[in-house]
Amino acid sequence: MNQFEKERRMAERYKAEYPPGTRVVLHHMEDPYAPVESGTRGTVKHVDDAGQLHMQWDNGRTLALVPGEDSFRKLTAEELAEEQGQVLDEEVVDTPVQSM
């Protein structure tokens, strides 16, 4: 497999793993001029053919993430629920509905 094909497959993998709307938190960005601050959360707008994640950061910035250079992760279900002001149940219990 040539380098072009390898990069194309990686970009496709990132597109599948980080669809638009995916929420992430940044650990560290390798931008020497104006990196986004560590701990900033953002939303994936799209993934380009080079595999870069184009972001809308919560602080208003729009700098892309470069997988393999920048360190980040998806938000957990608990973090997403917290953002939306919801509480996740540890255990779901089925209870019968009683009719009156």
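Two residues are in contact when they have heavy atoms within 4.5 Å of each other. Keep that in mind as we walk through this protein, which is a predicted model. Among contacts between residues at least 6 apart in sequence, 45% join residues at least 24 apart.

Let's get the layout straight. The protein has two helices and four strands, and if you read along the sequence they come in the order α-β-β-β-β-α. Of the 100 residues, 28% are buried. The accessible surface adds up to about 7,400 Å², and 50% of that belongs to carbon and sulfur atoms.

Start with helix H1, which covers residues 3-17 and includes Ala-16. Is Ala-16 buried or exposed? Its relative accessibility is 64%, so Ala-16 counts as exposed, the cut-off being over 50%. Now look across to Val-47: the two residues are 31 apart in sequence, and their C-alpha atoms are 9.2 Å apart in space.

Next, the charged side chains. A search of the whole structure turns up nine salt bridges. One of these sits in helix H1, where Lys-15 pairs with Glu-12. Their closest N and O atoms are 3.7 Å apart, and the two residues are three apart in sequence, about one turn of the helix. Lys-15 is partly exposed, at 26% relative accessibility, and Glu-12 is partly exposed too, at 39%.

Other salt bridges reach further along the chain. Take Arg-41 and Glu-83, whose side chains meet at 2.9 Å, N to O. What does this pair tie together? Arg-41 lies in strand S2 (residues 41-47) and Glu-83 in helix H2 (residues 77-83), so the salt bridge links parts that are 42 residues apart in sequence. Arg-41 has a relative accessible area of 22%, which makes it partly exposed, and Glu-83 is partly exposed at 35%.

Then there's Arg-73, which forms a salt bridge with Glu-79, the closest N and O atoms being 2.8 Å apart. Here the partners fall into separate classes: Arg-73 is partly exposed at 31%, whereas Glu-79 is buried, with a relative accessible area of 16%. Salt bridges can also share partners, and in this protein that joins Arg-23, Arg-41, Asp-58 and Glu-83 into one network.

Finally, have a look at the rings. The protein has one aromatic pair. Tyr-18 has a charged visitor as well: Lys-74 lies over the face of its ring, 5.4 Å from the ring centre.

Definitions and conventions: Residues are numbered from 1 along each chain as its sequence is written. This is a predicted model: local features need pLDDT of at least 70, side-chain atom pairs count only at pLDDT 80 or more; totals for chains, interfaces and linings use all residues. Side-chain values use heavy atoms; hydrogens and water are left out. Buried means under 20% relative accessible area, exposed over 50%, partly exposed in between (1.4 Å probe, protein chains only). Accessible areas come from the Shrake-Rupley method with a 1.4 Å probe; for residues, only the protein chains shown count as cover. Rings of Phe, Tyr and Trp (its six-membered ring) pair if their centres lie within 6.5 Å; planes under 30 degrees apart count as stacked, over 60 as edge-to-face and the rest as tilted. A charge sits over a ring if NZ of Lys or CZ of Arg is within 6 Å of the ring centre and within 35 degrees of the ring normal. A salt bridge is a side-chain nitrogen of Lys or Arg within 4 Å of a carboxyl oxygen of Asp or Glu.
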